[in-house]
Amino acid sequence: MTRSLRLLISAGPTREPLDPVRFISNYSTGTMGACLAREALRRGHRVTLVSGPSELVPPRGARVIRVERARQMQRALRREMPRADALIMAAAVSDFEPVRASTQKLPRGGTLRLALRATPDIVGSLPRRRGQLVVGFALESAGGVRRATQKLKAKRLDVVVGQRMNGASPFGSARVNAFLVDANGGVRRLGTVSKPRLARVLLDELEQLWYGGVRLKEEGCSTC
Ligand code: C5P
């Protein structure tokens, strides 16, 4: 007997303000998170999408929580995590934030020195319930599998989706060069795939991990 999953999906970039009218961010469009949400809904799962700024219309049926900053995304995910069976952390969280945001618009002229600090590691710091599945993404220019595996361990992930950067940014592009690493160190190279296809492969993997475990427990497996 299986039930639909309660999936928490983060998507899009975050924006870290410099002053009331400027921010630092990245080129993420939220496409990967939207593809994942759409595919999950198509399979009958329940989806909460925690999205940074994105022009995309979220798939119908998703519960959407909009955030701007990494710290807001962290708060929203902390709040939602206890109700989730799985988190897919597809957001391109800004790695840095200004140490201080000016309350006034910064005047042009002269030299502006910015002090930045790392944003909190959201996925690595979320409280977890036993059995919850957590998927992260890793965008790498070099040392792809090794670095993705390090992230999987450091962030206590069940699966990491690696994407190779071959010069061009995968943000907003229709196809990506991707591979999956699982918690046993298994690597599955997918080559260049469309984002909807990557979403299907990842949800297959997640369902396999979730329902596989449930079935084994229901059958009373003594080694589980
Ligand atoms: O270390 P890196 O940023 O490549 O890790 C990527 C994974 O960690 C992604 O799943 C991303 O959403 C997540 N992340 C996070 N908090 C940050 C930066 C990245 O949860 N501050």
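This is a short chat about the ligand site and one hairpin in a predicted model.

Reader: Where does the ligand sit?
Author: In the largest pocket. A pocket here is an open set of points on a 1 Å grid over the protein atoms alone, with protein on both sides within 12 Å along at least five of seven lines. To sit in one, more than half of a molecule's atoms must lie within 2 Å of its grid points.

Reader: Which residues come nearest?
Author: Ala 91, Pro 120, Val 123, Phe 137 and Lys 151, out of 13 around the ligand. Around means a heavy atom within 4 Å.

Reader: Which polar atoms face the ligand's oxygen atoms?
Author: A polar backbone atom of Met 89 is 2.8 Å from one ligand oxygen. A polar side-chain atom of Lys 155 lies 3.0 Å from a ligand oxygen.

Reader: And how much of the ligand is buried?
Author: The protein buries 86% of the 450 Å² that the ligand exposes alone. Areas come from the Shrake-Rupley method with a 1.4 Å probe.

Reader: New topic. How do E2 and E3 pair?
Author: Antiparallel, over three bridges, with E2 at residues 16-19 and E3 at 22-24. Strands are DSSP runs (E, at least two residues), numbered from the N terminus; pairing takes at least two bridges.

Reader: What stands opposite Pro 17?
Author: Phe 23 in E3. The two strands form a hairpin with two residues between them.

Reader: What are the ground rules?
Author: Residues are numbered from 1 along each chain as its sequence is written, and side-chain values use heavy atoms, without hydrogens and water. In this predicted model, local features need pLDDT of at least 70 and side-chain atom pairs 80 or more, while totals for chains, interfaces and linings use all residues.

Methods. Helices (H or I, at least four residues) and strands (E, at least two) are DSSP runs, numbered from the N terminus. A polar contact is a pair of N or O atoms within 3.5 Å; within protein, one must be able to donate a hydrogen and the other to accept it, and residues adjacent in sequence count only if both atoms are side-chain atoms. On a 1 Å grid over the protein atoms alone, a cavity is a set of points where a 1.4 Å probe fits but cannot get out, and a pocket is an open set with protein on both sides within 12 Å along at least five of seven lines; lining residues have an atom within 4 Å of a point.
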